[in-house]
Amino acid sequence: MRVQEKIIEKILALCAIITILTTLGIILILAVEAVSFFGEVSMVEFFTSTEWTPLFTQKSYGILPLLSGTALTTLIAIAVALPVGIIIAVYLNEYATDRMRRILKPLLEVLAVVPTVVYGFFALMIVTPFLKMFIPGISGFNALSPGLVMGIMIIPFVSSLSEDALSSVPDSLRQASFGMGSTKFQTAFRVMVPAASSGIIVSAILALSRAVGETMIVAIAAGMQPRFSFDPTVPIQTITSYIVQVSMGDVPHGSIAYQTIFAAGITLFVFTFILNNISYWIKSRYQEKYE
Amino acid sequence: MNNAQKSRLLDKGFRYLGIGITILCLLVLAIFVGFVIYMGIERLSWDFLISLPSRFAEQSGIYTAWIGTVWVLVFTTIISFPLGVGAGIYLEEYGKKSRLATFLEINIANLAGVPSIIYGLLGLEVFVRMMKMGNSILAGSLTLALLILPIIIVSTRESLRAVPSTVRDASNALGASKWQTIWHQILPASFGGILTGVILALSRAVGETAPLIVVGALAYVPFAPAGPLDEFTVLPIQIFNWVSRPQEEFLINAAAAIIVLLLITFAMNGIAVYLRNKWQRKVNW
């Protein structure tokens with residue numbers, strides 16, 4: 001009996017250790033391929049050149065166009081999701097009745113359930129033609145439309161997590177504020193939001209990380225043209241959509257072109273890894289303040 | 001207007017802003033879904049579901065795509081369910097105080113934030129190249145299983161945590177061993193929650209496109225796969241393929257396929273929400 005119990009425990013531990021192997025696997029394969037990539041391409045060129053043309057005959061390996069594309073769509077998405085998400089979170093937590101909240105919160109979460117390839121279709125078929133009515137010069141593929149749609153997609157991440165943070169602020173703070181004669185609006189933005197700020201920042205960082213790694217919306221609607229530019233009306237390419245583009249073609253294993261997706265991948269991984277760790281750090285450092 | 005009046009006005013204004021923006025978001029969702037139904041519903045027919053893909057949009061169907069989706073879903077479940085639940089049990093019941101457990105916890109939180117396309121790169125190198133599985137259903141399923149593992153682990157732990165300690169104490173007091181307590185008491189009591197988490201994770205896997213493209217799921221598969229080592233395509237990739245073409249007919253096909261994909265994901269999420277409500281009401285500790 002005792003031996004059997006020990007064996008079961010070891011098997012369960014093994015299941016958990018798979019997650020460590022996954023992380024190690026990701027880091028190792030990205031690093032190995034990237035090292036052999038940087039054996040052929042200088043780091044200086046990678047980080048300073050503004051041309052990314054690994055698939056052309058005239059090859060150039062500057063990641064900046066992909067970074068600018070990624071930053072552009074991410075910024076647009078966050079500019080939509082952060083204010084909207086926080087307003088919704090405050091509304092649901094402070095103003096909405098219990099019944100309203102119970103209906104609205106899951107309905108909003110449907111926004112996060114829709115597969116991203118479907119959002120790409122929406123961006124291309126609905127949002128871009130809609131934008132054309134106001135910005136006649138906008139290209140059929142552009143950064144603005146997928147950025148906006150990505151923003152809509154990540155609203156529930158911000159609103160749900162921020163709402164959780166707001167509702168974990170003790171009621172005594174709210175009552176104290178009301179007792180001083182504050183309105184709900186004053187209570188919400190001068191007491192509750194500052195008190196829940198660490199949770200709200202965590203939600204914003206997670207949304208940011210999500211937008212950086214989002215793939216299909218930009219692959220469909222942003223145009224797949226690497227361009228070092230911050231103009232949201234022209235076609236661009238992000239790190240993720242570049243990886244998709246190469247994966248669909250017939251790039252021979254072991255070639256430099258094949259290794260570029262790992263070099264691009266490790267850049268993406270490093271960015272999201274830093275963001276995730278910042279949010280984890282904030283969470284573990286500040287969350288217990290009110291417990 | 002004095003200050004008090006101004007703040008009351010602001011208060012009222014924000015109430016309308018809040019409800020307005022919330023409704024606007026739902027309206028956008030409704031417009032999106034309404035548009036895709038309007039565009040694709042006429043194309044949706046029995047023929048569309050059982051036709052192989054074709055160069056001609058009108059004859060093209062999603063048979064290989066949804067068969068591929070079913071295959072991938074089944075294998076992803078078989079792989080990720082025991083691993084995820086096992087890891088969840090270990091972390092929640094066994095490894096609580098150890099340094100390994102703390103490290104595992106941080107690691108899992110990190111994995112949950114890794115972009116899905118990175119898992120595709122992992123699958124491409126490890127399963128497709130090193131283990132020589134090729135662009136097969138198995139390679140795709142293993143990749144998706146690793147992708148959803150963190151979600152399953154986290155939700156398993158939450159369900160286990162919801163079981164009150166009195167159940168554990170009672171079982172221990174009767175002389176049951178640790179594993180007997182887990183297997184006969186805690187797992188049955190938390191099964192509803194675990195199942196809910198697994199279904200939610202799988203509904204995420206159904207919609208994943210990017211990692212499968214990287215692993216090498218094909219856009220054009222002329223025959224439905226018959227085994228785990230066959231090449232395959234899935235619904236989202238078929239949709240992506242059709243969306244990327246300029247012809248209007250293919251876009252209509254894409255809309256019709258999206259209706260099917262949305263039906264599947266909404267149904268899975270609906271089941272999960274239903275299970276969660278039912279289970280929460282039944283188990284009233």
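**Figure 1. Where chain A meets chain B.** In this predicted model, 75 residues of chain A touch 76 residues of chain B. Together the two chains bury about 6600 Å², with 81% of that area on carbon and sulfur atoms. Helix α1 (residues 2-40) of chain A gives the most to the side of chain A that touches chain B, putting in 18 residues. Sort the residues on that side of chain A and you get 54 nonpolar, 16 polar and 5 charged. The search turns up 0 salt bridges across this interface, but it does find 11 residue pairs in polar contact, both residues being at pLDDT 80 or more.

**Figure 2. A closer look at Thr265(B).** Thr265(B) sits in helix α11 (residues 248-282) of chain B. With a relative accessible area of just 1%, Thr265(B) is buried. Setting aside its neighbours within four places in sequence, Thr265(B) is in contact with Val113(A) and Pro115(A) from chain A, plus Ser203(B) and Val206(B) from chain B.

**Figure 3. Chain A on its own.** Chain A has 12 helices and 0 strands. Its C-alpha atoms fill a box of roughly 75 × 70 × 35 Å along the principal axes. Of the 291 residues in chain A, 56% are buried. Take the contacts in chain A between residues at least 6 apart in sequence, and 69% of them join residues at least 24 apart. Chain A also exposes about 12600 Å², and carbon and sulfur atoms supply 67% of that.

**Figure 4. Lys105(A) pairs up with Glu163(A).** Here's a salt bridge whose closest N and O atoms are 2.8 Å apart. Lys105(A) belongs to helix α4 (residues 98-113) and Glu163(A) to helix α6 (residues 144-167), so the pair links distant parts of chain A, 58 residues apart. Lys105(A) counts as buried at 18% relative accessibility, and Glu163(A) counts as buried at 4%.

**Figure 5. Arg174(A) and Asp171(A) share a helix.** Both residues lie in helix α7 (residues 171-179) of chain A, 3 residues apart, or about one turn of the helix. Their salt bridge brings the closest N and O atoms to 2.6 Å. Arg174(A) counts as buried at 15% relative accessibility, while Asp171(A) is partly exposed at 38%.

**Figure 6. Salt bridges in chain B.** The side chains of Arg204(B) and Glu208(B) meet in a salt bridge, 3.3 Å from N to O. Arg204(B) is partly exposed, with a relative accessible area of 27%, whereas Glu208(B) counts as buried at 10%. Elsewhere, salt bridges with shared partners tie Glu92(B), Glu105(B), Arg157(B) and Arg161(B) into one network. Over all chains, the whole structure holds 12 salt bridges.

Note on methods. Residues numbered from 1 in each chain as written. Chains lettered and ligands numbered in written order. Heavy atoms only, no water. Helix = DSSP H or I, 4+ residues; strand = E, 2+ residues; numbered from the N terminus. Buried < 20%, exposed > 50% of the residue type's maximum accessible area, 1.4 Å probe, protein only. Contact = heavy atoms within 4.5 Å. Buried area = accessible area lost by both parts, 1.4 Å probe. Salt bridge = Lys/Arg side-chain N within 4 Å of Asp/Glu carboxyl O. Polar contact = N/O pair within 3.5 Å; in protein donor to acceptor, adjacent residues only side chain to side chain. Nonpolar A, V, L, I, M, F, W, Y, C, P; charged D, E, K, R; others polar. Areas by Shrake-Rupley, 256 points an atom, 1.4 Å probe, with all protein chains shown as cover.
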